[in-house]
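Q: Please take a close look at the salt bridges of this model and at what surrounds them. Go residue by residue, and keep the sentences short.

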Amino acid sequence: MCDIRLFRSARLDYETAKKLWETPWEDEMILNNAAYHLQQAVEKILKAALECVGVTVPNTHKITRLLSMITANGAGLVITDWIDDHSEMLSEWEAETRYNMDFIVEKRKLDRAMEEIEIFFRLNGIQKELRPELQDQAVREKLLRCLPESRRECSDFELNCYYLMFRKRMEAESLPGDIFLQRCLQSN
């Protein structure tokens, strides 16, 4: 079942990586920890998007595998070229940064990863500020009709996540409100 907690956890991993990355001293363990949290952030976004299209997510940390599942199942994420091209490096960061004491993440690679993953998050609306599409009142109201009454009072971050969950359906449906709402609720 898709819910926004995995999106929230991904954002927290990104924020943790950012705080570690901003640490003024360049200790390799700090860099490794930041890299680990970046990998976790990407992994959780991919898994959350798969859950939102009804895919049972496997127990894997392999970004490459998750990306192929995203493509095969039509999950509504924008996958950047950088994420696609660096999926193996990100996967390596999951275990190597925690268990291999001789492994050192290069600062220049971490610097670039911080920039690129921020872009990935922004393109997919995984942010505190309301995504541009939801600035349109009609789009926001259409999205809110997909949610149960108890979920309609939510933060901009939560609305952004719900938009990822329901965007394809919102674009495909041009049905009257009640029929649209029934179909949204049936699929989740």
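A: E118 is partly exposed, at 22% relative accessible area; that class runs between buried (under 20%) and exposed (over 50%), computed with a 1.4 Å probe on protein chains only. The model is predicted: local features need pLDDT of at least 70, side-chain atom pairs count only at pLDDT 80 or more, and totals for chains, interfaces and linings use all residues. Residues are numbered from 1 along each chain as its sequence is written, and side-chain values use heavy atoms, without hydrogens or water.

The partner of E118 is R122. The two form a salt bridge, with their closest N and O atoms 3.8 Å apart; the term requires a side-chain nitrogen of Lys or Arg within 4 Å of a carboxyl oxygen of Asp or Glu. Both residues sit in helix 6 (residues 107-123), four residues apart, so about one helical turn separates R122 from E118. Helices here are DSSP runs of H or I, at least four residues long, numbered from the N terminus. R122 is partly exposed too, with a relative accessible area of 46%. The pair is not isolated: salt bridges with shared partners join R11, E15, E118 and R122 into one network.

Next to helix 6 comes N124, in the loop between helix 6 and helix 7 (137-145). N124 is buried, with 0% relative accessible area. Its side chain reaches back to the backbone oxygen of F120, at 2.9 Å. Beyond its neighbours within four places in sequence, N124 is in contact (heavy atoms within 4.5 Å) with G76, L77, V78, R131 and L164.

Now the wider set. The whole structure holds 13 salt bridges. One of them pairs the side chains of R8 and E158, at 2.9 Å from N to O. This bridge links distant parts of the chain: R8 lies in helix 1 (residues 5-21), E158 in helix 8 (residues 156-172), and the two positions lie 150 residues apart in numbering. R8 is partly exposed, at 32% relative accessible area. E158 is buried, at 18%.

Helix 5 supplies another pair. The side chains of E94 and R98 meet in a salt bridge at 2.5 Å, N to O. Both residues belong to helix 5 (residues 87-99) and stand four residues apart, about one turn of the helix. E94 counts as buried, at 7% relative accessibility. R98 is partly exposed, with a relative accessible area of 32%.

Conventions: Polar contact = N/O pair within 3.5 Å; in protein donor to acceptor, adjacent residues only side chain to side chain.
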